[in-house]
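User: Could you take a close look at the biggest enclosed void in this one for me? I'd like to know what surrounds it, and how the parts around it are put together.

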Amino acid sequence: MADKIKIFAVVGPTASGKSALALRFAERYGGELISCDSMQVYRRMDIGTAKPTAKEQATVKHHMIDIVEPTESFSCADYVSLADRAIRDVHARGKLPIVCGGTGLYLDALIRGQDFTPAIADDTLRAELLEFARVRGAQALHDELLRVDPQSAEAIHPNNVKRVARALEIYRLSGVTKTEIDRRSQIGEPRFDARVMGLHYSDREELYRRIDTRVDQMLSDGLEAETRALRDEGVFEKNTTAAQAIGYKELLGYIEGRDTLDRAVETLKMATRRYAKRQVTWFSGKDYVTNVDVCSKDGKKTFEEIVNIASELFFN
């Protein structure tokens, strides 16, 4: 791992306190936060996704938040490509990359180094490479691949111009050869030296109380109005992922007259609890996650105790 960028990650179920811990850790050690939340990437989906506040984002720089329109599709491959770039940028500027969020699939793909070469693409660059082959000849394009990635060049015939161009496209966009990406994919080599802390609640009722409090706060902050605005914009019709996001789909039932507000709120709290259970199961099954019980025999650990545990995990 000596040659890998060292990152810290805070994961766990919704409302567990991940963001507060990551923010304090970033303030203490000069870090920047990379969100690992599949919904926080969307603009104007703020309250329902529990995005960091404007004050929090002003205190510590955040990445992977508000990067696409809610009517646009966004995949795990898209996340890995952009988050990888953000982490390397943060590290290059001498800051500590801190990943924070509860979307387990995104985190798994990010740190375990899965091959997402389909996300490494640029139609303009590809067209330029094909035009180069048309003007200068297929052999000239193949010679360029031979210079930067001899293994791929050996495996691809010069006349297979599209595959030659694709291999060059991957290298020029990512800075990594197709050969190396294929190798990492086969052996599952981790992308980063990641120290991952999972927040666990042995007192499950305490977590549920936190979830209920968060939902009540979201409603107080204007979740209904936000849901109405997104519906009027046509977001939920154009993006099925956004339409299924917890918080919005439950309020839509009330807004569209299919449910009472009280029942919608209760459904929202129950749906959030179920989601938290799935997150707990996911992170509990990952060998790279060090789960830390937020609760102790004498009651809940203090916030500073948890921060100190995080520090020990990262630096030891």
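Analyst: Here's the void, followed by the sheet and some helix packing.

Quick ground rules: this is a predicted model, where local features need pLDDT of at least 70, side-chain atom pairs count only at pLDDT 80 or more, and totals for chains, interfaces and linings use all residues. Numbering starts from 1 along each chain as its sequence is written, and side-chain values use heavy atoms, with hydrogens and water left out.

The structure holds one cavity of 30 Å³ or more. A cavity here is a set of points, on a 1 Å grid over the protein atoms alone, where a 1.4 Å probe fits but cannot get out. Grid points are joined across faces, edges and corners, and the volume is the space filled by probe spheres set on the points. For the largest cavity that comes to about 50 Å³.

Who lines it (lining residues have an atom within 4 Å of a point)? The lining consists of Val-11, Gly-12, Pro-13, Gly-198, Leu-199, His-200, Gln-279, Val-280, Phe-283, Ser-284 and Asn-291. Two elements, S5 and helix H15 (261-284), give two or more residues each, and H15 gives the most, with four. Helices (H or I, at least four residues) and strands (E, at least two) are DSSP runs, numbered from the N terminus. By class, the lining has five nonpolar, six polar and no charged residues; Ala, Val, Leu, Ile, Met, Phe, Trp, Tyr, Cys and Pro count as nonpolar, Asp, Glu, Lys and Arg as charged, and the others, Gly among them, as polar.

Now the sheet. Six strands make an open sheet, ordered S3-S2-S4-S1-S5-S6, with parallel pairing; two strands pair if DSSP finds at least two bridges between them. S3 (62-63) and S6 (289-293) are the edge strands, each pairing on one side only. S1 (residues 6-11) and S5 (residues 193-200) run parallel and are joined by six bridges, and Lys-6 stands opposite Asp-193 in S5.

As for helix packing, H11 (residues 223-233) and H14 (residues 248-255) pack at about 85 degrees with axes 10 Å apart. Axes are lines fitted to C-alpha atoms, for helices over the stretch in contact, and angles run from 0 to 180 degrees between N-to-C directions. H11 and H14 are therefore roughly perpendicular, a label covering 65 to 115 degrees. Their contact (heavy atoms within 4.5 Å) involves residues including Leu-223 and Arg-231 of H11 and Tyr-248 and Ile-255 of H14.

Methods:
Parallel < 35°, antiparallel > 145°, perpendicular 65-115°, else oblique. 1 Å grid on protein atoms, 1.4 Å probe; cavity = no way out; pocket = protein on both sides within 12 Å on 5 of 7 lines; lining within 4 Å.
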